[in-house]
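Trainee: Could you show me how to read strand pairing and helix packing in a protein model?
Mentor: Gladly! Let's look at one together.

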Amino acid sequence: MRIINCKLHHLSEPLAYQLDHTSFSWQVTESRGKKQEAARIVVRLGAKTVADTGMAALDSLGTKLAFELKPRARYTWTVRVRTDAGEEAESDVNSFETGKLDEPWAAKWISCDSKEPRHPIFTKRVLPQKSVASARLYVCGLGLFEASFNGQKIGGEYLAPYFCDYRNWLQYRTYDVGGLVKDGGELSILLGNGWYKGRIGFVSQTEPFFGREWLLLAELRIKYADGSEEVIGTDESWQVTRSAITFSNIYDGEWRDDTLEALPAVNAYAAKAPEAPLLAAKSLPVTAHETFPAEIIHTPAGETVLDIGQNISGIFRLRVREKRGAKIHLQFGEVMQNGCFYRDNLRSAKAEYFYVCDGNEKTIEPKFTFYGFRYVKIEGTEHFEKGDFTALALYSDMPQRGWVTTGNALVNKLVQNTRWGMKDNFVDIPTDCPQRDERMGWTGDSEVFSETALYLADPVAFYMKYLYDIAEEQKVWGGIVPDYVPFVGNVPSCSSAWGDAATVMPWNMYLFSGDKSILEDQFDSMKAWVDYLTEIDGDDHAWRTHHHYGDWLALDSPYGGVEQVRGGTDEGFIADVYYRKSALLTASAARVLGKTDEAEKYEKLAARILEGIRDEYFSKTGRCCIATQTAALLTLSENLHDPEKAEQALRKQLDISGGKLRTGFVGTPLLCRVLSEHGMADKAFELLLNEDYPGWLNEIKLGATTVWERWNSLDQNGMISSTGMNSLNHYSYGAVVAWIFNSAAGLRPREDAPGFVSAVIKPCVSKRLGALDMSYDSSAGKYRVAWKVEGDRRVILDVSVPFGCEALLSLPLSDEEPKTLGAGDYHFEYETADAIS
Ligand code: BGC
């Protein structure tokens, strides 16, 4: 028996994360027992025990312990588990380290001439006087920073201190630099523009949104072997030199000129501290992951284009050996058109890199930008060779959790593309796309994709930062959840199905992780959103007529022109349905948290909204008056009225469209799930496996390596359908992957025992798909569901349930009653009564 995956706040060995409370979790594996009987957490600071639960009934998915935290202290902890088979085992020693907490900084914010475009490097000599035991660097640099010691980059992060509404809060990052500084040398911190000091959002095409000044705060704390400490903080004694980077921002790229003369060092000056509170880390680190070599294409237009074979978000490494003064230019795009380089769908984002060579051979890499790309046009080289270019995928570092392969290669590619869509749009915040002049935290996209993300990976810590961003915006804007968060506009607008991210996401995260502290942290935000809706809805249902995105990009739009983006389902109906859903989720959260009065209040509100929905959108006998696929899907998924009538309506709508989907951002995530839950699994598989337009596999047949924003992002001839709003890397429609996990494999968490402690396994088998093999490393342990259809009737099913868990299994196409399985591996083989479709 072993104890694994010991985490604090869903993080392994966190270094200086913002800890407003402590929540410990762990898993048991290789055990003879089936369940944890008791566990004991011991937390130590040095040799001193600061918390000891004793053997007790602890929740392995999230046990909160209250003890006083000291600043900059390294705590160790172990958990000992006893199982129902009487075995006991103890985890390895885990650790976490606190940040500065409320301790004042022994450093000043400093700055330098911010009109000078050459990006500043702030430097300080560090000469340890004695033998170094350990050292930490606490740093926040705005817009972005990269710290180095003796020219060596500190930490593996890119784009720190990341993207938040810098008017609301800022984060500092912490690095273990003991090994680096022990022999002394130069600490240098290079700044870039990033989201803070570069253009971002729709407000301005040229000006920085948050601030114009380079700002730096850093504190290097060296602990000597004799127990003494030296603190080196930023102040006027720091020197400022200028780097060769002359321009950078998120959308447009970076320029570097290595022929520039070094400028004389000047002293930094003290600057006014930003007004927003400075917190310890909340973001997961954005780090480099997969690398891609490139194929060289010589296009009919005479261009040299590099193809890395996969649409990614990231940067590159380029080996250069050109003569002094040579100007290298790279441009980034997602797709080739007529065999040539293309990037018009990036709108105003220039997405480029300029480099002026100094004549020395070297490898260069951008520092303060990222691109969404598969293709790179390269100009200005005479000695470029294939191996000189490597692409690096950059995204927030989080464990992958779910894997599924099927008997259909295109479906497997869809899962792979969706995973890439997730990686590419998880660059610190969940973005809509990584390439054009947006890359913003659109709430609707995050809301519809969050379930899929939770099956594919463990995004809980990543999303907690985003939900914090949402909650902070709500505090400023009176409960509104702006359409995109961090909010980079003047006055926020909000929409149904977008703002409801504030309720849907924490609930999904709770369901998947079983950690109640998520709901505790987000409860006020959930309430604030619903209360805001109640306020604007007033007595005359004003929320219905508010601006909404509706079933965004659905194919049944009655509108023409620019309005065509809104689908055919009445926006007021969608608004009411989501309003009720948010009220219900807030009520459910209140129940989990034991807040009965609030639970009742929001349940009553939900009942009132339902009445209003029925009055306005349903006939007396329960027929929905809105004849669209999405209206029928919402009616069924949200139990709005007579399910039989809605099923009939859904069948009819599918018949009318010739069995093809017509849904947008709201309907698409529901489509296959609702079909399979209402006896139409054959239709769900048909839609999934359809290779014609519109459909998921159609995109793949047209060469997609990620998921497109529109069903017709490319026309059937491979030509881009429009340039106004057309990304090839939007993950929203990838939400069908959740259905592959929750219905085709059939593994779902249960509300009454979240975190997969008790799961439902109800697979849907399909002869057309042939086979499926899914494993999911849930918060509670690893599940597996694998099925195969042999001949017309034979089902072969393998199921694994992890330690401490039980699953209610329904055998597909069988009359047998569902059975409860405890931890263990199970094998079933049987013939079905009817032929399998
Ligand atoms: C974004 C979306 C977003 C939408 C809202 C687009 O520009 O890319 O995905 O949800 O606007 O309408």
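Trainee: How many bridges join strand 42 and strand 45, and in which sense do they pair?
Mentor: Remember first that this is a predicted model. Strand 42, residues 794–801, is joined to strand 45 by eight bridges, and the pairing is antiparallel. To see this pairing at one position, find isoleucine 796: glutamate 829 of strand 45 stands opposite.

Trainee: Which sheet do these strands belong to, and what is the strand order?
Mentor: Read a sheet from one side to the other. Here five strands form an open sheet in the order 35-40-41-42-45, paired antiparallel. An edge strand pairs on one side only, and here that describes strand 35 (402–406) and strand 45 (824–831). From each strand to the next, the twist averages 5°.

Trainee: Now the helices. At what angle do the axes of helix 4 and helix 16 cross?
Mentor: For two helices, look at how their axes approach and cross. Helix 4 covers residues 443–456 and helix 16 covers residues 736–744; their axes come within 8 Å and cross at roughly 55°. The two helices are therefore oblique to each other. The crossing of helix 4 past helix 16 is left-handed.

Trainee: Which residues make the contact?
Mentor: Helix 4 contributes Glu451, Thr452, Tyr455 and Leu456, while helix 16 brings Val737, Ala738, Phe741 and Asn742. Sorted by character, the residues of this contact are five nonpolar, two polar and one charged.

Notes. Residues numbered from 1 in each chain as written. Predicted model: local features only at pLDDT ≥ 70, side-chain atom pairs only at ≥ 80, totals over all residues. Heavy atoms only, no water. Axes fitted to C-alpha atoms, helices over the stretch in contact; angles between N-to-C directions. Helix = DSSP H or I, 4+ residues; strand = E, 2+ residues; numbered from the N terminus. Parallel < 35°, antiparallel > 145°, perpendicular 65-115°, else oblique. Left-handed = near helix turned anticlockwise from the far one by under 90°. Contact = heavy atoms within 4.5 Å. Nonpolar A, V, L, I, M, F, W, Y, C, P; charged D, E, K, R; others polar. Pairing = 2+ DSSP bridges.
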